[in-house]
Structures are given as C-alpha cells and as structure tokens.
Amino acid sequence: MRTELLANDAQGLDTAADLLAAGQLVAMPTETVYGLAGDARSAAAVARIYEAKGRPSFNPLIVHLPDLEPARRIADFHADALILADAFWPGALTMVLPLRPDAGVASLVTAGLDTIAIRIPAHPAARALLRRFGGPLAAPSANPSGRVSATSAAHVIAGLDGRIAAVLDAGPCEVGVESTIVGWLPDGRPALLRPGGIPAEHLEAALGRPLAHPQLDPSAPNAPGQLTSHYAPGAPVRLDAEGPEGDEIFVGFGREGDLTLSATGDLVEAAARLFDVLHQADALGRPIAFAPVPDHGLGAAINDRLRRAAAPR
Ligand code: TXA
Ligand code: MG
C-alpha cells in the first residue's frame with residue numbers, strides 16, 4: 001500500500017473522508033497528537049487500526065466526534081460530564097462514559113466494555129474531516145505500538161508508511177501530548193485516568209471537587225487496570241481446542257464452528273468478530289472452546305485477549 005500525503009484543503013479532506021467511508025485508515029491531525037482514524041462503526045476498519053499499529057493487545061480506543069449532539073447518541077452524559085463538555089470541548093479532554101446500547105459502534109472499539117472513551121477535538125482539520133465523514137472515528141495515537149506519539153505528518157510517515165491509506169497533513173500539533181482522560185468510579189467520584197493536555201486542576205475547578213487518582217489510591221474501589229479490565233465471559237474458556245468436548249460451544253478459526261471467528265482463517269476478520277463472539281458465546285451459558293489462532297500479526301492480540309478470557313478467576 002502506498003501512503004498518500006493529503007493537503008489540508010477541500011480536495012484533501014474529501015479524499016480523506018472517501019477513504020474512511022471505504023473502510024480505509026487515515027492519520028488525522030488533532031491539537032494533541034495525530035490520530036490513526038478509522039470508521040468506529042466498522043469492525044473491519046477497527047481491526048485494521050490494531051493491525052497497522054502492531055498492537056499486541058486490544059486496548060479500547062477513543063472515539064472522536066465533531067459535536068456534543070452525536071456524542072450523546074453514543075454515550076450517556078451525566079451532570080458532571082455535561083459540565084466538563086461545556087467547559088473543555090472541543091479540546092484535549094477525553095471522557096469515559098457509559099456506552100449506549102444502540103450506539104452502533106463496533107465492539108472492538110471498546111474491547112467489549114460497557115463504557116466508551118469520547119473526545120471532541122478542537123483542531124479545525126479534525127473537525128472538518130469529522131463533519132465530511134459524518135460518523136464516529138476511532139483513533140488511537142498514530143504511532144506503531146510501543147513508539148512515541150506522532151505530532152507531525154512526518155512522524156506518522158516515519159512510523160506507519162505503507163501501512164495506512166493516507167495522512168492528512170496539517171502541520172505540527174499544538175499541544176503535543178495526548179488528551180487528559182477522565183472517568184467515574186462506581187461511587188460516582190470523577191477520576192483522572194491519564195494526565196494530558198488539560199491540567200487536572202482545571203478539571204477540578206470546573207467540577208468543584210478533587211479528582212480521584214485511582215493509580216495512587218489503593219483504597220479506591222477501582223484501579224485503572226480494573227477500570228479498563230476486559231470483558232470476561234462467565235463460562236469456562238478452553239484454548240487450542242481441536243473440537244468441542246461435552247457441552248462446549250466450539251468457536252472455529254480456519255473452519256466453521258458453532259460460532260466462527262473466521263472460516264477462512266483471516267486474522268482481520270477474526271479480530272473484528274472477537275468481542276461479539278465472546279458475548280454471544282457467554283449468552284449461551286455453556287463452556288467455550290476456541291480453535292487455535294496463529295500467533296502472528298493480529299493473532300498475537302487475539303490470543304492475548306483469549307488467554308485473559310481463559311485465565312482462572
Ligand atoms: O490525544 C489523544 O487522546 C489521542 C488523539 C488521537 O485523540 N488519542 C490517544 O489514543 O491517545 P490512545 O489509543 O493512544 O489512548 C487511549 C487511551 C488508552 O490508554 C485506553 O486504555 C483508554 O484511552 N481508554 C479507551 N477507552 C477506555 C475505556 N472504556 N475505559 C478506560 N480507558 C479507556
Ligand atoms: Mg497511544
């Protein structure tokens with residue numbers, strides 16, 4: 001794949017929006033860092049994001065929207081969230097909020113969680129692209145996994161050339177660090193999940209109360225690891241199964257099963273289906289056996305997730 005460098009003008013924005021509508025990936029400038037954007041409604045596009053980044057696991061992604069109104073169709077905004085939205089959006093703030101059941105976002109975006117990270121960026125090019133595209137864009141930082149975030153089109157090309165369709169070049173990012181992420185603990189307290197472009201003190205001033213720091217506070221009911229803890233099925237999970245035993249639901253890879261990750265052994269398709277298959281299998285309330293999935297490319301992330309699902313709890 002040749003990675004196209006698109007100018008930040010009407011033609012470049014149109015091309016970027018068309019590529020995204022076709023399920024391709026485009027690096028999008030935001031005021032914090034460049035994001036590796038794909039259609040959040042398309043499981044295949046989201047799977048390609050993980051593939052392009054070479055992420056060894058499925059961290060949930062931030063969904064970007066142009067305005068509050070479409071954001072409210074995807075997540076439930078409580079009073080605190082509306083205060084922060086009013087004070088800091090558009091801007092370098094991401095909020096983790098309850099996912100609406102009718103959100104229409106691929107389950108891979110949230111890694112199967114019932115919360116979703118939402119951001120309305122301020123960068124004019126990001127907003128113009130989001131408007132032209134007309135849907136939610138999932139976008140992690142546009143760097144290969146384990147490397148520093150990209151704050152210019154040249155950084156994006158250095159890391160991802162040949163792995164994505166295009167970069168929308170709007171020059172260097174003003175903020176240069178990722179957005180601040182805020183979530184809410186089960187007891188309702190707001191919590192700083194990641195420091196970033198907006199100082200925590202500004203958020204506390206707007207909310208009129210301090211932010212919990214779950215990573216520092218061992219008495220907090222929910223450490224960030226647990227906040228982002230992945231959806232785990234209630235039933236026992238067995239890996240590397242050649243076929244079902246007893247009452248098991250068999251999940252096929254490279255062949256059909258009771259449920260199927262990919263009959264043809266396509267890792268992108270398997271990643272795109274993974275969380276839906278886990279939810280479906282769980283709903284049946286029977287033990288689950290997974291056919292082996294090769295450990296290269298997206299298979300490493302799929303196997304990471306399956307090992308967590310199979311770990312004794
Ligand atoms: O500035 C930014 O935030 C950039 C630009 C492109 O918007 N994006 C970014 O995305 O930094 P990423 O994927 O590199 O970081 C997203 C973080 C991850 O640490 C992830 O665990 C967390 O957001 N996250 C996403 N959804 C979550 C959820 N439902 N619950 C808790 N954490 C979540
Ligand atoms: Mg990142």
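Strand β2 (residues 26-28) runs parallel to β8, and two bridges join them. This pairing is part of a predicted model. Within it, Val26 has Ala166 of β8 as its bridge partner.

Strand β8 also pairs with β1. Here β1 covers residues 4-7 and β8 covers residues 166-169. The sense is again parallel, and four bridges link the two strands. Leu6 is bridged to Leu168 of β8. Strand β8 is thus paired with β1 and with β2. In a regular strand, side chains alternate between the two faces of the sheet.

The unreviewed UniProt entry annotates a "binding site" at Arg55, Asn59, Thr115, Ser141, Ser149, Arg194 and Tyr231. Two of these positions, Asn59 and Ser141, were examined further.

Asn59 sits in the loop that connects α2 (43-53) with β4 (62-64). The residue has 15 other C-beta atoms within 10 Å, so it is classed as partly exposed. A buried residue would need 20 or more.

Ser141 also lies in a loop, between β7 (137-138) and α6 (153-160). Ser141 counts as buried because it has 23 C-beta neighbours inside 10 Å. Neighbours within four places in sequence were set aside for its contacts. The remaining partners of Ser141 are Val33, Gly35, Ser149, Ala150 and Glu178. One of them, Ser149, is itself listed in the UniProt "binding site" feature.

How values were computed
Residues numbered from 1 in each chain as written. Chains lettered and ligands numbered in written order. Predicted model: local features only at pLDDT ≥ 70, side-chain atom pairs only at ≥ 80, totals over all residues. Pairing = 2+ DSSP bridges. UniProt positions renumbered as here; feature names shortened; annotations may be inferred. Buried ≥ 20, exposed ≤ 12 C-beta atoms within 10 Å, placed from the backbone. Contact = placed C-beta atoms within 7 Å.
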